[in-house]
Amino acid sequence: MAPSTTSSAPPALLQGSGWVDRPAELEPAVSGQVDCDIVVIGGGLGGMLAALRLAEHGRDVVLLEADVCGWGASARNAGYITPTLGSDPRILERFYGDRVRGLYRMANNAVGFTEGLIADHAIDCGYRQTGNIAAAPTAAAFRKLAAKTKNGRRATVGDATALGVPPAFHGGIHIDVGGILNPGELALGVRDLVRASSVRVYEQCPARQVEDRGGSVRVRLDGGQVTAREAILTTNAFSKELAIAPRNLGTPVWVTAIETEPVSAEQLDDAGWTSRTPITTNHLVMQSFRPTLRGTIVTTTRSLQMARHASLDRRPSPNVVDDLVRGLHERLPTLPDLAAARAWGGWIGLTPSNMAVVGRVTPRVHYQLACNGHGLPQAPYLGSLLADHVAAGDGGPMHEDLAAVWRENPRFAPGIVNPLTLKLGWLADRMGDRLDRIRH
Ligand SMILES: Cc1cc2nc3c(=O)[nH]c(=O)nc-3n(C[C@H](O)[C@H](O)[C@H](O)COP(=O)(O)OP(=O)(O)OC[C@H]3O[C@@H](n4cnc5c(N)ncnc54)[C@H](O)[C@@H]3O)c2cc1C
């Protein structure tokens with residue numbers, strides 16, 4: 001493995017995924033009139049799994065993708081398959097009451113489902129069952145965590161040395177479920193499966209308008225239209241562009257990722273990252289740190305940016321990239337010159353509860369927003385469960401994990417995420433980090 005070098009070149013700011021190259025061969029867009037049983041709009045992992053599952057049920061399915069299937073958040077994320085939920089348990093109780101247990105079960109089963117998807121189809125995406133360390137952001141937070149948490153069957157509490165992570169992480173919980181992979185390879189692997197199935201896939205084909213016309217659904221496109229018996233929206237952060245999607249369903253939030261230059265095994269050992277286990281911090285806005293099979297480190301999140309509208313052509317902001325690099329150096333002080341070689345970003349749709357939601361907005365139009373920061377396992381799992389439910393028809397059975405996130409009423413209160421709350425969260429995290437460094 002090549003040792004890290006100090007690069008004077010600024011990092012490449014990519015428009016797409018940093019994990020894989022954009023596919024050269026695309027499916028055509030719809031031209032003219034297309035009829036089908038069920039139209040799925042949005043070809044991320046959620047939409048692709050919904051389409052695949054409907055096809056397995058024998059349905060005649062059309063999948064419409066605005067760009068390239070899988071090329072959204074699904075191919076750009078940090079690649080953590082975890083059973084964790086993105087919200088504080090108290091907030092979840094407020095939103096979900098006694099359904100909280102079902103949420104944890106759903107998140108756990110989503111990991112098993114996605115692991116099964118990879119294994120059953122032999123998708124070559126470098127999946128490693130490492131589990132994940134949820135690290136306390138400060139020494140004080142770790143002491144509190146260690147005092148109140150007991151080791152469980154698949155959760156081990158330990159300090160940085162015991163967990164084999166750099167000392168600046170203090171310690172945390174190693175959750176021995178799930179692991180890490182190359183999300184670009186997974187997303188494009190699933191794209192290959194859909195293209196090889198009976199699903200009719202159309203790319204670079206954004207749905208402009210979706211109408212429930214009573215007896216059918218009509219989807220207007222630039223070059224034609226699709227008429228279907230039913231529709232499923234899996235459009236993630238782009239949902240608000242469609243007037244039929246529930247209002248306030250999700251706020252588009254841009255998440256940036258950076259990948260470093262190669263780091264040698266000796267350098268990682270010297271840094272104290274002997275376990276190589278992926279890490280997420282329990283900040284208000286977490287930061288993730290993971291090694292890759294390319295001998296680099298990918299770090300994401302920490303500084304989020306909200307927008308009124310998600311756009312396909314956005315690139316990372318240099319100041320956010322610099323901030324991620326600062327966060328990296330703070331946690332890996334033995335590598336003060338380690339530079340970012342490239343950066344990319346993607347859109348997540350942030351729901352008010354920070355949890356996945358699935359529901360029906362009109363009698364013939366369903367929606368699924370399984371994103372937030374945990375959709376890598378949850379989006380495909382819930383897409384598949386929603387497909388089962390739609391295929392069963394009205395009054396058909398609903399899997400208990402789908403029921404856990406099912407939303408009967410498609411009305412949502414506006415979320416509390418806005419540029420000010422994001423900035424305040426970032427400031428609070430940085431103040432906590434700074435005080436911690438002064439004290440230790
Ligand atoms: C930087 C980053 C790091 C992340 N890290 C993790 C992680 O480590 N673990 C984890 O679990 N989650 C992570 N996430 C979240 C995770 O990637 C998403 O929750 C998940 O991929 C969502 O899948 P999806 O299918 O719902 O959405 P997407 O993958 O975004 O797919 C939605 C698709 O719909 C298409 N579309 C939108 N509008 C239309 C339209 N009108 N017509 C046709 N097509 C349309 C889009 O082009 C897109 O391809 C991360 C996200 C980002 C951005």
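These notes cover the ligand site, the nonpolar cores and the surroundings of Arg59 in a predicted model.

1. The ligand and its shell. The ligand is surrounded by 34 residues. Glu65, Ser74, Ala207, Asn236 and Leu376 are the closest of them. By residue type, the shell holds 16 nonpolar, 16 polar and 2 charged residues.

2. Polar contacts of the ligand. Two backbone positions face nitrogen atoms of the ligand: a polar backbone atom of Ala66 is 2.9 Å from a ligand nitrogen, and a polar backbone atom of Ala78 is 3.0 Å from a ligand nitrogen. A side chain also takes part, with a polar atom of Asn77 lying 3.1 Å from an oxygen atom of the ligand. On its own the ligand has 1,000 Å² of accessible area, and the protein covers 96% of this.

3. Elements around the ligand. Helix H1 (45-56), helix H2 (73-76), strand E18 (340-350) and helix H10 (375-392) each give two or more residues to the shell. The largest share comes from H10, with 4 residues.

4. The largest nonpolar core. This core has 87 residues. The members that touch the most other members are Val39, Leu64, Val190, Val219 and Val226. H10 appears again here, since its 9 residues are the largest share of this core. A further core lies apart from the largest one and has 17 residues, including Ile133, Val165, Trp273 and Ile297.

5. Val226 in detail. Leaving out residues up to four places away in sequence, Val226 touches Val30, Gln33, Val34, Cys36, Val39, Val62, Leu64, Val217, Arg218, Val219 and Leu221. Among these, Val39, Leu64 and Val219 are also named with Val226 as members of the largest core that touch the most others.

6. Arg59: position and exposure. Arg59 sits in the loop between H1 and strand E3 (61-64). Is Arg59 buried, exposed or partly exposed? Its relative accessible area is 22%, and because the partly exposed range runs between 20% and 50%, Arg59 counts as partly exposed.

7. Arg59: contacts. With neighbours within four places in sequence set aside, Arg59 is in contact with Asp37, Ile38, Leu54, Arg229 and Ala391. For Ala391 there is a polar contact as well: the side chain of Arg59 reaches the backbone oxygen of Ala391 at 2.7 Å. The C-alpha atoms of Arg59 and Cys36 are separated by 8.6 Å, with the two residues 23 residues apart along the chain.

Conventions
Residues are numbered from 1 along each chain as its sequence is written. This is a predicted model: local features need pLDDT of at least 70, side-chain atom pairs count only at pLDDT 80 or more; totals for chains, interfaces and linings use all residues. Side-chain values use heavy atoms; hydrogens and water are left out. A residue is near a molecule or strand if one of its heavy atoms lies within 4 Å of it. A polar contact is a pair of N or O atoms within 3.5 Å; within protein, one must be able to donate a hydrogen and the other to accept it, and residues adjacent in sequence count only if both atoms are side-chain atoms. Accessible areas come from the Shrake-Rupley method with a 1.4 Å probe; for residues, only the protein chains shown count as cover. Ala, Val, Leu, Ile, Met, Phe, Trp, Tyr, Cys and Pro count as nonpolar, Asp, Glu, Lys and Arg as charged, and the others, Gly among them, as polar. A nonpolar core is a set of buried Ala, Val, Leu, Ile, Met, Phe, Trp, Tyr and Cys residues joined through side-chain atoms within 4.5 Å. Buried means under 20% relative accessible area, exposed over 50%, partly exposed in between (1.4 Å probe, protein chains only). Contact means heavy atoms within 4.5 Å.
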